[in-house]
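I am opening a fresh page of my notebook to record what I look up in this structure. I will go residue by residue and helix by helix, and keep each entry short.

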Amino acid sequence: MLGHKSPRGELFRPDNMLREHVGFESFHSALGEIGARYFRDEDFEEMDGERGRPCVPPSQLCIAIILQAHAGISDQEAIARTAYDLRWKVALGLELDEQLCAKSTLQLFRSRLVLHDKYRTLFDTSVQECRRHGFVNRKKLEVAIDTTPILGRGAVKDTFNLVSDQIRQVIKDVVTLKRYDRDTLVDKEGLGRHFASSVKAEFDVDWSDDDRKRAVIGQVVADAGVALNVAKLARRGYRGAAEDAQELREAQAVLAAL
């Protein structure tokens, strides 16, 4: 189910109570004030197709990505700041004792923006709306949007590695469950590129070349499909809640979501 942020702020929430403390003209206050107006949850209605899985509002995840890019920090640190940094709470509209999400949720959201042109277009369009409506009159926001590679080469390579890492995890859990020889299985399924000493070196890619980038992403997604099929076959004979297959089941679910 797609998450939605309430259009009306809570009276005692930090984005109302602490805006003056953070500074009305600050970058974080600006995002908290009008960011959700341009990053709208309803624009991402088709992004989440997994029934029953709770979802963080896309508007908040978009703002978190901008905050992270502005600060130049890791995913782990970004999630930590949503828990303890009052400036981030003002920007995101979070309660004092609330954390936005798990690190994997932020990574999954960004990977969808990178891997799927439609979702990336939605994000870019929202950024352009901010520009058209004068949101970039505030210098700090203009710098963050114009010079930070929010979804640029670094994000593409990070997403590539995220998917590749998860392919390895699925194969590792299959090998553990079925006691297969890993090298034999990897060679048979043609997944050796994900087990090389340098995954990136397996693809000589100019990440600014959209056609080449799409070709590589297509290959990685195809490899993910192979790994998912291997996992599906390995789980045959195990009940849905079988403890022995739990780790493989979880790894398979994450890769499928990616």
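**Entry 1: a starting residue.** I began with Leu122, which I found in helix α8, a helix that covers residues 117–132. I keep in mind throughout that the model is a predicted one. Is Leu122 buried, exposed or partly exposed? Its relative accessibility came out at 24%, so I wrote it down as partly exposed, since the partly exposed class lies between the limits of 20% for buried and 50% for exposed. I then looked for contacts of Leu122, leaving out residues up to four places away in sequence, and noted Asp43 and Phe44. I also looked up the pair Leu122 and Phe39, which are 83 residues apart along the chain, and their C-alpha atoms are separated by 8.7 Å.

**Entry 2: the chain as a whole.** Next I stepped back and asked how many helices and how many strands the protein chain has. I counted 13 helices and zero strands, and reading along the sequence I wrote the pattern as α-α-α-α-α-α-α-α-α-α-α-α-α. Of the 258 residues in the protein chain, buried residues make up 45%. I also looked at contacts with a separation of 6 or more, and found that 72% of them are between residues 24 or more positions apart.

**Entry 3: α3 and α4.** I turned to a first pair of helices, α3 (residues 27–38) and α4 (residues 58–71), whose axes come within 11 Å and cross at roughly 160 degrees. Angles over 145 degrees count as roughly antiparallel, and therefore I noted α3 and α4 as roughly antiparallel to each other. The crossing of this pair is right-handed. Which residues meet here? From α3 I listed Phe27, His28, Leu31, Gly35 and Ala36, and from α4 I listed Ile63, Ile66, Leu67 and His70. Sorted by class, the residues of this contact are six nonpolar and three polar, with no charged ones.

**Entry 4: α4 and α7.** I stayed with α4 and looked at how α7 meets it: the axes come within 10 Å, and they cross at roughly 90 degrees. That angle makes α4 roughly perpendicular to α7. On the α4 side the contact is made by Pro58, Leu61, Cys62, Ala64, Ile65 and Gln68, and on the α7 side by Leu106, Phe109, Arg110 and Leu113. I sorted the residues of this contact into eight nonpolar, one polar and one charged.

**Entry 5: the nonpolar cores.** Which residues have the most contacts inside the largest nonpolar core? That core has 28 residues, and I wrote down Val163, Val170, Ile171 and Val174 as the ones with the most contacts inside it. At least two residues of this core come from each of α7 (103–115), α10 (153–178), α11 (182–189), α12 (210–234) and α13 (246–257). I followed Val163 further and, not counting residues up to four places away in sequence, found that it touches Leu115, Val220, Ala224, Leu255 and Leu258. Apart from this core lies another one, of 27 residues, and among them are Ile73, Ala78, Ile79 and Leu94.

**Entry 6: Ile217 in α12.** I next picked Ile217, which lies in helix α12. With a relative accessible area of 14%, Ile217 is buried, because buried means under 20%. Ile217 and Leu115 are 102 residues apart along the chain, and I noted that their C-alpha atoms are separated by 7.2 Å.

**Entry 7: α12 and α13.** I kept to α12 and looked at its packing with α13, where the angle is about 150 degrees and the axes are 10 Å apart. These two helices are therefore roughly antiparallel to each other, and their crossing is left-handed. The contact is made by Ala224, Ala227, Leu228, Ala231, Lys232 and Ala234 of α12, together with Leu248, Gln252, Leu255 and Ala256 of α13. By class I sorted them into eight nonpolar, one polar and one charged.

**Entry 8: a residue in a loop.** My last look-up was Arg179, which lies in the loop between α10 and α11. Although Arg179 is not a glycine, it has a positive phi of about 60 degrees. Is Arg179 buried or exposed? Its relative accessibility is 73%, so I recorded Arg179 as exposed.

Key
Residues numbered from 1 in each chain as written. Predicted model: local features only at pLDDT ≥ 70, side-chain atom pairs only at ≥ 80, totals over all residues. Heavy atoms only, no water. Axes fitted to C-alpha atoms, helices over the stretch in contact; angles between N-to-C directions. Helix = DSSP H or I, 4+ residues; strand = E, 2+ residues; numbered from the N terminus. Parallel < 35°, antiparallel > 145°, perpendicular 65-115°, else oblique. Left-handed = near helix turned anticlockwise from the far one by under 90°. Contact = heavy atoms within 4.5 Å. Nonpolar A, V, L, I, M, F, W, Y, C, P; charged D, E, K, R; others polar. Core = buried A, V, L, I, M, F, W, Y, C linked by side-chain atoms within 4.5 Å. Buried < 20%, exposed > 50% of the residue type's maximum accessible area, 1.4 Å probe, protein only.
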